[in-house]
Amino acid sequence: MFINFWYAAGRSEDITNEAPTKVRMLGLDFVVFRDSSGQVHCLSDTCVHRGGSLGNGKIKGDCVQCPYHGWEFDGEGACQKVPSLGPGGKPPARARTDAYPVEEKYGLVHVFLGDMAEADRPPIMDIPEYGTEGWRATIQQYDWVIDYQRSVENALDPAHNEFVHPTHGFSGADPDYHVPPLNIDETDWGTGFLVEYKAPPLADDKMREGTGREKNAVVTAGTWTHGPTCNATRINPMPDKHIHQYSFKTPVDDTHSRSYLVNLRNFVIEPENDARMMTRNDVVAGQDGEILEYMNPLVTPPTNTKEIFVPADGAIARYREILKGWEAKGWKIDIDKVEADRKKVAYAIPSPARRNAKGWVIDPVPMVDSSNVESVKQAAE
Ligand code: FES
Ligand SMILES: [Fe+2]
């Protein structure tokens, strides 16, 4: 799991100014809340006084109040009130907690978990069709006992469709089945490919009516990653009919992931078709989930030697190289240490304010030693 990327912390409609929301991301806890002006804030969940959980507290005006002794923290993470000091009491200078940049987009609250300066930050995954005429968007949330990396790699895997999704392939019954060579694309923050595959007729009458797909057809589809956790999939059931799926995945910890699927379609766009499209997405996601929840090991192995790669796995191999590059920058969390220390040490992801101010109470999350990356790579060769 990597710092210095944007992560979806929740759906906009679920974050209110009535009560804070506690969210675990990257193995650590955060509190997300909306202030009186409607602005959303995200802080490290750990109260710097005695370690209370801010997410279990209350919203007081524009602050979140710790449930233990009532200290109040504003959206910038500064403590504004220590009730035990009495009226007018001045909170200690070190009484501040990490606050993370927040942006609401595509119906989601995105938070930047890292300390990178604004100008250098990777962007939130773009959805160019969102809000444009002729496209209909829906959003769905999935929670799985899955390593997020396994899930991203599944999206980058053109060879599973034939066997996992009866709607996308022939369950191994097609004697001509093969995956054509992948033309791997590079983007600023990811990799992916577009590929052609043979698919059976669409089973759903209404969907079929929308596409004219009564027979087997050659369908083009492709997937691209964005950052370590997000991916965009474009499916063209007919040349002019498009389904574009944007999956904002948030690792809860190293074995649990949550994903927010923003699905856009340019056919059967009437709202009464939303449920049909969402049910179809649920079925497909469930088929993937049934495979991914039983992977052994559940977490992606650290070297490629513990698995076998064939040409259809080319995009997965490229994605792993890109992750290694971010690990070499020192952005990979040492989650084993976080888990081992969980009872004894509170950690926080360093926020941008740590670049300029010293004296933070909570330890920064331990990172994987990036000097190891070269040796890990060599071991894989
Ligand atoms: S632990 Fe939060 S106010 Fe004391
Ligand atoms: Fe799949």
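These legends walk through several close-up views of a predicted model.

**View 1. Two domains and where they meet.** The protein chain splits into domain 1 (1-124 + 334-381) and domain 2 (136-320). Measure from C-alpha centre to C-alpha centre and the two domains sit 32 Å apart. Where they touch, domain 1 puts in 18 residues and domain 2 puts in 17 residues. On the domain 1 side, strand S1 (5-11), strand S2 (21-25) and helix H7 (373-380) chip in with at least two residues each. S1 is the top contributor to that side, with four residues. Sort the residues on this side of domain 1 by kind, and you get 14 nonpolar, two polar and two charged.

**View 2. The largest nonpolar core and a smaller set apart from it.** This core has 56 residues, and the members that touch the most other members are Ala 9, Phe 30, Val 32, Val 111 and Leu 113. Both domains have a hand in it: domain 1 (1-124 + 334-381) and domain 2 (136-320) each supply at least three residues. Another core, made of seven residues, lies apart from it, and among its members are Tyr 148, Val 152, Ala 315 and Tyr 319.

**View 3. Who surrounds Phe 30?** Leaving aside residues up to four places away in sequence, Phe 30 touches Ala 9, Val 23, Met 25, Cys 42, Leu 43, Ser 44 and Asp 45. One of these, Ala 9, joins Phe 30 in the list of core residues that touch the most other members.

**View 4. Helix H4 and its two sides.** Helix H4 covers residues 274-292, which makes 19 residues. From its first C-alpha to its last it reaches 26 Å, close to the 27 Å expected at 1.5 Å a residue. Which of its residues are buried? Met 277, Asp 288 and Leu 292 are. Look down the axis of H4 and these buried residues fall within an arc of 50°, so they line one face of the helix. They pack against strand S12 (136-144), helix H1 (148-155), helix H2 (161-164) and strand S18 (256-265). Over on the other side of H4, the exposed residues are Ala 275, Thr 279, Val 283, Gly 286 and Glu 290.

**View 5. A cis peptide bond in the loop after H4.** Asn 296 and Pro 297 are joined by a cis peptide bond, with omega at about -5°. To find Pro 297, look in the loop between H4 and helix H5 (314-328).

**View 6. Two residues with positive phi.** Neither Asn 4 nor Ser 171 is a glycine, yet phi is near 70° for Asn 4 and near 55° for Ser 171. Asn 4 is in the segment before S1, while Ser 171 is in the loop between H2 and strand S13 (185-187). Are they buried or exposed? Asn 4 counts as buried because it has 20 C-beta neighbours inside 10 Å. Ser 171, with 12 other C-beta atoms within 10 Å, is exposed.

**View 7. Gly 52 and its contacts.** Gly 52 is in the loop between strand S4 (40-44) and strand S5 (58-60). It has 19 C-beta neighbours inside 10 Å, so it counts as partly exposed. Skip the residues up to four places away in sequence, and Gly 52 touches Cys 47, Cys 66, Pro 67 and Tyr 68. As for Tyr 106, it is 54 residues away from Gly 52 in sequence and 32 Å away in space, C-alpha to C-alpha.

Note on methods
Residues numbered from 1 in each chain as written. Chains lettered and ligands numbered in written order. Predicted model: local features only at pLDDT ≥ 70, side-chain atom pairs only at ≥ 80, totals over all residues. Contact = placed C-beta atoms within 7 Å. Core = buried A, V, L, I, M, F, W, Y, C linked by C-beta atoms within 7 Å. Domains from an automatic or database assignment. Nonpolar A, V, L, I, M, F, W, Y, C, P; charged D, E, K, R; others polar. Expected span 1.5 Å × (residues − 1). Arc of directions from axis to C-beta.
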